Amino acid sequence: MKHGGIVGIMVVLLFGTAALWWGSDGFTTFTAESARRLDVARSPRPLPAVALEDQRGETVAFEDFAGKVVLLNFVYTRCTTICTVLGSEFEQLRDEIEHSELEGRVVLVTLTFDPEHDGPKQLARYAERYGGADATWHFVRAPSMDDTRRLLRAMDVVVVADGFGGFVHNAAIHVIDPRGRLVRIVDSDAIGEALALARELA
Amino acid sequence: MLSYRSLVAAGLLLIAAVPPLAWWWEASLVRHMLMQIPMLVLAGFLLGTLVAPSPDLGVREERAGGIAAVLLATFCVTFWMIPRWLDAAVASHRVDAIKIMTLVLLAGLPLAWGWPRLGPVARGFVWVQAISMAIVLGLLYLTFPNRLCNSYLVNEQAILGIAMLGIAGFLGLAGAVPVLFGANNGSPAPRHPGARVDP
């Protein structure tokens, strides 16, 4: 063991660097948000089958959108900051979709993660702020909090109380393919990218 | 004293690692990074001082081994400073258990074995590195406009940044005190040959 110490240093350097490499996907992914996006892009995730309820109080499910591309975002209707921005971005998306060949092949779904407060009435009122729901844009909740948690968990969406009665959450556009799998996550303002993906998948 | 140290280590582990208290530390970014993680490393360090044989500094290999041990601890702590793994530890109890075990066994324990084996130059190097890392991370956390962790709020990030800069300042001061006033340097400098001695 004449050179035990030196060998030790080499081994630690090797394994330490390997661990950091592995833990950051080759020194590219340092945040949980980029990690989940990378993971989804690599291996699409099926969504849990949960009962949803739309702004009219009618029961819907993700299966109802089978064969179509779904662009999904998460909001809570009391939100006055980011969700407002998310709303107007989806409004733009709807405009683009309804004035293109994508109409009927791509739908927008806004899902609340606060089903205890956001019933159909609140969802309808939120929808009104952006011109109301139609065949393209659906506003839904999973009435049971357990189902909501399952959905959030399946997509690695983390909701944190902000200490002022509101929430902070990952704002993004979740792209679901016609087979009902979450295949990509893009920035909430990446409207062009979301549309390009939708066009590719539809 | 043997039992005293093991008691403190056990106490630290109890406070830092056992739910629901563990979750309380992890509920805040600052508590998670600057209180729970240091407590776990310290617990491992104290346990390490109980089991590590005292160094034989005459042996060169011991010093290299010391460097390897401190490197191991550095890698381990660095890993858990990656925001996505901090997030993962909050999201999954399994990851959290791994975090707790590795910080105790792969950071604290080797530190106790390695630190006494480091020569003064290596110690100074590690110390200065720690200061510069705290400054870099502190500025990053303080000024980064987006959330680095999904589990924490952006304002907590700023608080963490300020705290890290504070730690950098503290490490700097703590390192400077022995240099300026310590026993080794307290002795008068060798007199200049031509210096006049006043009667």
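**Group meeting: the contact between chain A and chain B**

The contact takes 32 residues from chain A and 22 residues from chain B. Before going on, I should say that this is a predicted model. The size of an interface is often given as the accessible area lost when the parts come together. Here, chain A and chain B bury about 2,000 Å² between them, and 69% of that is on carbon and sulfur atoms. On the chain A side, the residues that lose the most area to chain B are I9(A), V12(A) and L20(A), which together account for 24% of what that side buries.

Next, the polar part. Between the two chains I count one salt bridge. It joins the side chains of D25(A) and R84(B), at 2.8 Å from N to O. As for polar contacts, there are seven residue pairs between chain A and chain B, with both residues at pLDDT 80 or more.

Which elements of chain A supply at least two residues each to the side that touches chain B? They are the helices α1 (4-23) and α2 (32-42) and the strands β7 (159-161) and β8 (167-169). The largest share, 13 residues, comes from α1(A). By type, that side of chain A divides into 15 nonpolar, 12 polar and five charged residues.

Now to the aromatic rings. A search of the whole structure finds 16 aromatic pairs over all chains. One pair is Y76(A) with F167(A): the ring centres are 5.0 Å apart and the planes are at 85°, so the pair is edge-to-face. This pair links distant parts of the chain, 91 residues apart, with Y76(A) in the loop between β4 (69-75) and α3 (82-98) and F167(A) in strand β8. Y76(A) has 5% relative accessibility and therefore counts as buried, while F167(A), at 23%, is partly exposed.

In chain B, W24(B) and W25(B) also form an edge-to-face pair, 5.0 Å centre to centre, with 65° between the planes. Is W25(B) buried or exposed? W25(B) is buried, with a relative accessible area of 11%. Its partner W24(B) counts as partly exposed, because its relative accessibility is 43%, which lies between the 20% and 50% cut-offs.

Back in chain A, ring pairs link F90(A), Y126(A), Y130(A), W137(A) and F139(A) into a cluster. F139(A) comes up again with Q55(A), a residue in the loop between β2 (52-54) and β3 (59-60). Leaving aside neighbours within four places in sequence, Q55(A) is in contact with P120(A), L123(A), A124(A), A133(A), H138(A) and F139(A). Why does Q55(A) count as buried? Its relative accessible area is 14%, and the cut-off for buried is under 20%.

Last, some backbone geometry. The peptide bond from P19(B) to P20(B) is cis, with omega near 0°. P20(B) sits in the loop between α1 (2-17) and α2 (21-26) of chain B.

In chain A, F27(A) is not a glycine but has a positive phi of about 60°. F27(A) lies in the loop between α1 and α2 of chain A, and is partly exposed at 39% relative accessible area. D156(A), also a residue other than glycine, has a positive phi near 60°. D156(A) is found in the loop between α5 (145-155) and β7 of chain A, and with 34% relative accessibility it counts as partly exposed.

Technical notes
Residues numbered from 1 in each chain as written. Chains lettered and ligands numbered in written order. Predicted model: local features only at pLDDT ≥ 70, side-chain atom pairs only at ≥ 80, totals over all residues. Heavy atoms only, no water. Helix = DSSP H or I, 4+ residues; strand = E, 2+ residues; numbered from the N terminus. Buried < 20%, exposed > 50% of the residue type's maximum accessible area, 1.4 Å probe, protein only. Contact = heavy atoms within 4.5 Å. Buried area = accessible area lost by both parts, 1.4 Å probe. Salt bridge = Lys/Arg side-chain N within 4 Å of Asp/Glu carboxyl O. Polar contact = N/O pair within 3.5 Å; in protein donor to acceptor, adjacent residues only side chain to side chain. Nonpolar A, V, L, I, M, F, W, Y, C, P; charged D, E, K, R; others polar. Phe/Tyr/Trp six-rings, centres within 6.5 Å; stacked < 30°, edge-to-face > 60°.
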